[in-house]
Amino acid sequence: MLRVVVLGAAAGGGVPQWNCGCPVCLIARTEHPELRSTQASIAISADGEHWFLVNASPDLRQQLIATPQLHPKVGKLRHSPVSGVILTNGEIDAIAGLLSMREGSPFGIYAHARVLAILKANSIFNVLNEKNVRREPIEIDKAFEPALPDGSSSGIEVLPFAVSGKGAWYLEGKAHPAGDDGAGDTLGLRIADKATAKYFYFLAACAEVTDDLKARLAGAPLVFFDGTVWRDDELIAAGLGNKTGQGMGHIAMSGNRGAIESLAGLDIGRKIFLHINNSNPALLRDSTERKTAERAGWHIPADGTEITL
Ligand SMILES: [Zn+2]
């Protein structure tokens, strides 16, 4: 049985974002605290006992406190059910939480060589001693089984694949520690329970739904998909920034070639938006945007939602 817990559904900054007074952040701080959401990450487990995080958000400490499945075992002085972290990109909202896991518990970091190069180039991550915290390179289109800290098998098979996207924002215009452009900065994952063959897809960042991607996702029982912005120029139109969704490597939910339209008719069992920016009006439960998304079969999850496959 594959268990999936949504630790957080928000994009970078979370909801509300510390310095934001947009309509969503404003009411999330005041009359609608249920809109609050931490930065995107999920936890997965095949045995209900050992868990892997997909991305380690800056809100990880708060997410671990809020998630009983991830609490240390009762009676143990030092323990964590978290056996490893699988990174799909090198953005701050995917890697900064690693720094909250620095108290000596063994686990594995699984990431593409391009993302591992970023960790290596930033000496602050040396706080995760490689004797305890293995760094395992993963390859595009090569399935792997993340291991438990004692080396035994997790029962989970992960297939990383390249997705259209951008390198980490803080590296824009700078030399990438892994050298020239190459695939691997943005990954999608197919995550399967080896015992039951049940599976789902995770794409927290995706700039474009290609025909190849459509063919891959067709018929999937569950897909978590990039829901950063409702429309491509949303940040500019709201006066919140000067970047488009595409400029940040994210497809819009709406519009021609947006996520809702692109993933329609693919016979996907359950479609869940993740990595939703606080500027996105679909976060508001009675907005027309939310209703449009829901009518198209999409869900916007609350933090802590658990799904079993
Ligand atoms: Zn805001």
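Buried here means under 20% relative accessible area, exposed means over 50%, and partly exposed is anything in between (1.4 Å probe, protein chains only). The views below show a predicted model, in which local features need pLDDT of at least 70, side-chain atom pairs count only at pLDDT 80 or more, and totals for chains, interfaces and linings use all residues. Residues are numbered from 1 along each chain as its sequence is written, and side-chain values use heavy atoms, with hydrogens and water left out.

**View A. Glutamate 49 reaches lysine 73 across a salt bridge.** A salt bridge here is a side-chain nitrogen of Lys or Arg within 4 Å of a carboxyl oxygen of Asp or Glu. In this pair the closest N and O atoms are 3.3 Å apart. The contact links distant parts of the chain, 24 residues apart: glutamate 49 sits in the loop between β2 (41-45) and β3 (51-54), and lysine 73 in the loop between α2 (60-66) and β4 (82-86). For these labels, helices (H or I, at least four residues) and strands (E, at least two) are DSSP runs, numbered from the N terminus. Glutamate 49 is partly exposed at 41% relative accessible area, and lysine 73 is partly exposed too, at 37%.

**View B. Glutamate 306 and arginine 3 join two strands by their side chains.** Their salt bridge spans 2.5 Å, N to O. Glutamate 306 belongs to strand β13 (residues 306-308) and arginine 3 to strand β1 (residues 3-8), so the partners are 303 residues apart by numbering. Glutamate 306 is partly exposed at 31% relative accessibility, while arginine 3 is partly exposed at 21%.

**View C. Arginine 134 and glutamate 136 make another salt bridge.** Here the N to O distance is 2.9 Å. Arginine 134 is partly exposed at 23%, and glutamate 136 is partly exposed at 28%. Searching the whole structure turns up twelve salt bridges.

**View D. Three cysteines and an asparagine hold the zinc ion.** The protein donors are Cys20 (SG), Cys22 (SG), Cys25 (SG) and Asn278 (OD1), lying 2.2 to 2.3 Å from the metal. Donors are N, O and S atoms within 2.8 Å of the metal (3.2 Å for Na, K and Ca); water is not among the atoms, so sites may look incomplete. Along the chain, the zinc donors are spaced C-x1-C-x2-C-x252-N. The four donor atoms make angles of 101 to 115°, and the site is tetrahedral, a label for four donors that needs all angles between 85 and 135 degrees. Cysteine 20 is buried at 8% relative accessible area, and cysteine 25 is buried at 0%.

**View E. Six strands line up in an open sheet.** Their order is β7-β8-β9-β10-β11-β12, with mixed pairing. The edges are β7 (156-162) and β12 (298-299), each pairing on one side only. Two strands count as paired if DSSP finds at least two bridges between them. β7 and strand β8 (residues 187-193) run antiparallel over seven bridges. Phenylalanine 161 has glycine 188 in β8 as its bridge partner.

**View F. Cysteine 206 is buried, at 0% relative accessibility.** The disulfide count for the structure is zero, taking a disulfide as a pair of cysteine sulfur atoms within 2.5 Å.

How values were computed: Four donors count as tetrahedral if all angles lie between 85 and 135 degrees; four count as square planar and six as octahedral if opposite donors are over 155 degrees apart and all others between 65 and 115; anything else is irregular.
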